[in-house]
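Here are a few exercises to work through with the model open on your screen. Try each task yourself before reading the solution.

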Amino acid sequence: MNAPDRYERFVVPEGTKKVSYERDTKIVNAASFTIEREDHTIGNIVRMQLHRDPNVLFAGYKLPHPLQYKIITRIHTTSQSSPTQAYTQAIRDLDKELQYLTQAFEDEKNRLEQRL
């Protein structure tokens, strides 16, 4: 079979950055972020979080090829923000949401355990 080894889907090779940045030379306040070893799950979540930012004019992602385990997220912002600021804020906001969900699940688990 010609498929790559399964671990290649998750393990970032040595010397490769998890996230890399490339500024768009044709559009002001636009850039691409390449996220290694991720798929549609992270791509769609990050894209949706970026759409919540009023300074983001465009946010989209693509999976270049099914056998390449990376996504490319493109961001175009207004002059009040930069793609790096928007991306960083989106990741921070998602982290806060995940912390909230984790705490809510833990609280519910503890509540159910007390009933038993």
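**Exercise 1. Find the residue of β4 that stands opposite Thr-34, then work out how β2 sits among its partners.**

Start with the pair itself: Thr-34 faces Ile-72 in β4. Keep in mind that this is a predicted model. Next, step back to the whole pairing: β2 and β4 run antiparallel and are joined by seven bridges. Now look at β1, which pairs with β2, also in the antiparallel sense, over five bridges. Here Arg-23 is the residue opposite Ala-31 of β2.

Then check the side chains. Ala-30, Ser-32, Thr-34 and Glu-36 point one way from β2, while Ala-31, Phe-33 and Ile-35 point the other way. In a regular strand, side chains alternate between the two faces of the sheet. Seven of the seven residues of β2 are buried, so the strand is largely enclosed by the rest of the structure.

**Exercise 2. Is Asp-24 buried or exposed, and what does its side chain reach?**

First, locate the residue: Asp-24 is in the loop between β1 (19-23) and β2 (30-36). The cut-off for buried is under 20% relative accessible area; Asp-24 has 14%, so it counts as buried.

Now follow its side chain. It gets to the backbone nitrogen of Lys-26 at 2.7 Å, and one of its polar atoms lies 3.3 Å from the backbone nitrogen of Ile-27. Leaving aside neighbours within four places in sequence, Asp-24 touches Ala-30, Ala-31 and Arg-74.

While you're in this hairpin, with its six residues between the strands, look at Asn-29: it takes a positive phi near 60°.

**Exercise 3. Which residues of α1 are buried, and what do they pack against?**

Begin with the helix: α1 covers residues 40-51 and reaches 16 Å from its first C-alpha to its last, close to the 16 Å expected. Its buried residues include Gly-43, Val-46, Gln-49 and Leu-50. They cover an arc of only 140° around the axis, which puts them on the same side of α1. Against that side pack β3 (56-62), β4 (70-77) and α2 (83-115).

Take Leu-50 as a close-up. Beyond its neighbours within four places in sequence, its contacts include Val-56, Ile-75, Ala-86 and Tyr-87.

Finally, put this into the largest nonpolar core, which has 13 residues; Val-46, Leu-50 and Phe-33 are among those with the most contacts inside it. Two or more residues each come from β2, α1, β3, β4 and α2, and α2 gives the most, with four.

Notes: Residues are numbered from 1 along each chain as its sequence is written. This is a predicted model: local features need pLDDT of at least 70, side-chain atom pairs count only at pLDDT 80 or more; totals for chains, interfaces and linings use all residues. Side-chain values use heavy atoms; hydrogens and water are left out. The expected span of a helix is 1.5 Å times one less than its number of residues. Buried means under 20% relative accessible area, exposed over 50%, partly exposed in between (1.4 Å probe, protein chains only). The arc is that of the directions from the helix axis to the C-beta atoms. Contact means heavy atoms within 4.5 Å. A polar contact is a pair of N or O atoms within 3.5 Å; within protein, one must be able to donate a hydrogen and the other to accept it, and residues adjacent in sequence count only if both atoms are side-chain atoms. A nonpolar core is a set of buried Ala, Val, Leu, Ile, Met, Phe, Trp, Tyr and Cys residues joined through side-chain atoms within 4.5 Å. Two strands pair if DSSP finds at least two bridges between them.
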